[in-house]
Amino acid sequence: MLKVGVLASGRGTNLQAIIDACEKKLINAKVVVVLSDNEKAFALERAKKHGIDAFYVEAKDKRKHEEKLDEILQSYGVELAVGAGYMRILSPWFIKRWYGKIINIHPSLLPSFKGIDAQRQALEYGVKLAGCTTHFMDEKPDHGPIILQAAVKVKDDDTRDTLAERILKVEHQILPRSIDLFEQGRLVIEGSRVKILPGDSWLEKYSYPDVLYSEGY
Ligand code: GRF
């Protein structure tokens, strides 16, 4: 069973989606520890409610913060680290130690709209298709080999929040699925691309009719 460590800074709905997928045995994984740079993060409450060890790791000193993250993740035997709304940029030092074993979810179709409030950026740009991306983290923020993407239609009357809400529901599908593919050993990083080896699909079971999911979902 894959040991997963989750980094989160906020309300933790992506963390919840991972926990739920594990508990429903959709994925052969277990969240063993949750870490946050925000002591008020509701993600920490969510972890505790599910009997998962959760730690606030002070982030005043970036290097000390990252050393603590690394120490705790290692001590729990984490095999895959997941950024689920973790809002800090991890340093090359940290990424070097976890490259290939740390993934992230971003609420846009990367490489468009990196950075914060990607949903607002997309809406203000006037795109017709927005969406979300999971990727292996590399030394550049919101960068790294892409695992899955899903495209969500933008509606004329969308506000930032209605669009973000619609994207979030799809994030809650592609992030657990990305962990599932990792656990199955079906993700092969080839340079800047990820090859997904053949196998089962979630399309029939967990998909929204008007969302386009990339190969491998
Ligand atoms: C998600 O939209 C995620 O893509 C972005 O921040 C949001 C976090 O939401 N990085 P939550 O904390 O998982 O609810």
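## Exercises on a predicted two-domain model

Asp37 touches Ala8, Ser9, Tyr56, Val57, Ala59, His65, Tyr86 and Arg88, leaving aside residues up to four places away in sequence. The exercises below concern a predicted model.

### Exercise 1. The surroundings of Asp37

Determine where Asp37 is placed, whether Asp37 is buried or exposed, and which side chains make polar contacts with the side chain of Asp37.

*Solution.*

1. Asp37 belongs to the loop between β2 (29-36) and α2 (42-49).
2. The relative accessible area of Asp37 is 13%. Buried means under 20%, so Asp37 is buried.
3. The side chain of Asp37 makes a polar contact with the side chain of Ser9 at 2.7 Å, and another with the side chain of Arg88, at 2.7 Å. Ser9 and Arg88 both appear among the residues that Asp37 touches.

### Exercise 2. The cover of helix α1

State how many residues of α1 are buried, and identify elements that cover them.

*Solution.*

1. Nine of the 11 residues of α1 are buried, and the helix is thus mostly covered.
2. Among the buried residues are Asn14, Leu15, Ile18 and Cys22.
3. The cover of these buried residues includes β1, β2, α2, β4, β5 (102-106) and α6 (160-183).
4. Just after α1, Lys25 takes a positive phi of about 60°.

### Exercise 3. The interface between the domains

Describe the contact between domain 1 and domain 2 by its residues, its area and the elements that supply it.

*Solution.*

1. The domain assignment gives domain 1 as 1-98 and domain 2 as 105-217. Their C-alpha centres lie 20 Å apart.
2. Domain 1 brings 23 residues to the contact, and domain 2 brings 16 residues.
3. About 1,700 Å² is buried between the domains, with carbon and sulfur atoms giving 73% of this area. Asn14, Leu26 and Ile95 supply 28% of the area that domain 1 buries against domain 2, more than any other three residues.
4. Across the interface there are one salt bridge and four residue pairs in polar contact.
5. On the side of domain 1 that touches domain 2, at least two residues come from each of β1 (2-7), α1 (13-23), β4 (80-83) and α4 (92-98). The largest share, five residues, comes from α1.
6. By class, this side of domain 1 has 15 nonpolar, five polar and three charged residues.

### Exercise 4. Salt bridges of helix α4

For Lys96 and Arg97, name the salt-bridge partner and give the accessibility of each residue in the pair.

*Solution.*

1. Lys96 pairs with Glu139, the closest N and O atoms being 3.7 Å apart. Glu139 lies in the loop between β6 (129-136) and β7 (146-153) and Lys96 in helix α4, so the pair links distant parts of the chain, 43 residues apart.
2. Lys96 is exposed, at 60% relative accessible area, whereas Glu139 is partly exposed, at 41%.
3. Arg97 pairs with Asp70 at 2.8 Å, N to O. Because Asp70 lies in helix α3 (residues 62-75) and Arg97 in helix α4, this pair ties together parts that are 27 residues apart in sequence.
4. Asp70 counts as buried, at 5% relative accessibility, whereas Arg97 counts as partly exposed, at 38%.

### Exercise 5. A network of salt bridges

Identify the residues linked in a network with Arg160 and Asp161.

*Solution.*

1. Arg160 forms a salt bridge with Asp161, with 3.1 Å between the closest N and O atoms.
2. Asp117 and Arg120 are linked with Arg160 and Asp161 in a network of salt bridges.
3. Arg160 is partly exposed, at 23% relative accessible area, and Asp161 is exposed, at 53%.

Conventions: Residues are numbered from 1 along each chain as its sequence is written. This is a predicted model: local features need pLDDT of at least 70, side-chain atom pairs count only at pLDDT 80 or more; totals for chains, interfaces and linings use all residues. Side-chain values use heavy atoms; hydrogens and water are left out. Domain bounds come from an automatic or database domain assignment. Contact means heavy atoms within 4.5 Å. Buried area is the accessible area (1.4 Å probe) that two parts lose on being put together, summed over both. A salt bridge is a side-chain nitrogen of Lys or Arg within 4 Å of a carboxyl oxygen of Asp or Glu. A polar contact is a pair of N or O atoms within 3.5 Å; within protein, one must be able to donate a hydrogen and the other to accept it, and residues adjacent in sequence count only if both atoms are side-chain atoms. Helices (H or I, at least four residues) and strands (E, at least two) are DSSP runs, numbered from the N terminus. Ala, Val, Leu, Ile, Met, Phe, Trp, Tyr, Cys and Pro count as nonpolar, Asp, Glu, Lys and Arg as charged, and the others, Gly among them, as polar. Buried means under 20% relative accessible area, exposed over 50%, partly exposed in between (1.4 Å probe, protein chains only).
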